[in-house]
Amino acid sequence: MRRPTRLLAAAAVVFGVALPLVGVLGSVRTSGNVIVTATDVVREDLYSFGGRTIIEGRVEGDVFLVSGELIVTGEVTGDITGLVSGPARITGTVGGSVRLAAIRMDLDGVIGDDVA
């Protein structure tokens with residue numbers, strides 16, 4: 001299996017397991033732009049499906065996303081996992097790991113664990 005095919009298969013498994021549990025486990029946001037503003041605090045896992053995912057505030061949990069663009073200038077206390085069809089820019093703080101498939105990643109922020 002070629003590398004992109006493996007990545008898509010792994011993402012399908014992750015989201016195939018996570019999506020049925022979304023209603024029980026966290027906050028689901030779907031929109032052209034999913035925005036956590038600077039004054040927002042999401043006190044659970046965030047599942048984002050949209051054209052752009054922008055996190056300026058604080059997410060106290062993990063972020064799972066399928067998005068066209070990711071911008072993090074705020075704080076995520078857990079991990080960020082997902083697929084980004086465009087650029088991913090993280091200038092804020094991520095307490096856990098960053099596991100993304102993205103066209104381009106700019107990581108100028110603080111990452112607590114690892115990047116894959």
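User: What does 38% relative accessibility mean for Arg 99?

Analyst: Relative accessible area is read in classes: buried is under 20%, exposed is over 50%, and partly exposed lies in between (1.4 Å probe, protein chains only). Arg 99 therefore counts as partly exposed at its 38%. The model is predicted, so local features need pLDDT of at least 70 and side-chain atom pairs pLDDT 80 or more, while totals for chains, interfaces and linings use all residues. Residues are numbered from 1 along each chain as its sequence is written, and side-chain values use heavy atoms, leaving out hydrogens and water.

User: Which acidic residue forms a salt bridge with Arg 99 at 3.6 Å?

Analyst: A salt bridge takes a side-chain nitrogen of Lys or Arg within 4 Å of a carboxyl oxygen of Asp or Glu. For Arg 99 the partner is Asp 79, with the closest N and O atoms 3.6 Å apart. Because Arg 99 sits in strand β9 (residues 98-107) and Asp 79 in the loop between β6 (75-76) and β7 (80-90), the pair ties together parts 20 residues apart in sequence. Arg 99 also forms a salt bridge with Asp 114, where the closest N and O atoms are 3.8 Å apart. Asp 114 belongs to the segment after β10, so this pair ties together parts that are 15 residues apart in sequence. Asp 79 is partly exposed at 21%, and Asp 114 is partly exposed at 38%.

User: How many salt bridges does the rule count?

Analyst: The count comes to seven. One of them joins Asp 106 to Arg 104, with the closest N and O atoms 3.3 Å apart, and shared partners join Arg 52, Glu 69 and Arg 89 into one network.

User: In what order do the five strands of the open sheet lie?

Analyst: Helices (H or I, at least four residues) and strands (E, at least two) are DSSP runs, and strands pair at two bridges or more. The five strands lie in the order β2-β4-β6-β8-β10, with parallel pairing. The edge strands, β2 (41-42) and β10 (110-111), each pair on one side only. Strand β8 (residues 93-94) is joined to β10 by two bridges, and Thr 93 has Val 110 as its bridge partner in β10. In total the protein chain has two helices and 10 strands.

User: Is Thr 53 buried or exposed?

Analyst: Thr 53, found in strand β3 (residues 45-55), counts as buried because its relative accessibility is 1%. Beyond residues up to four places away in sequence, Thr 53 touches (heavy atoms within 4.5 Å) Val 34, Ser 48, Leu 65, Ser 67, Glu 69, Leu 70 and Ile 71. Across the protein chain, buried residues make up 38% of the 116 residues.
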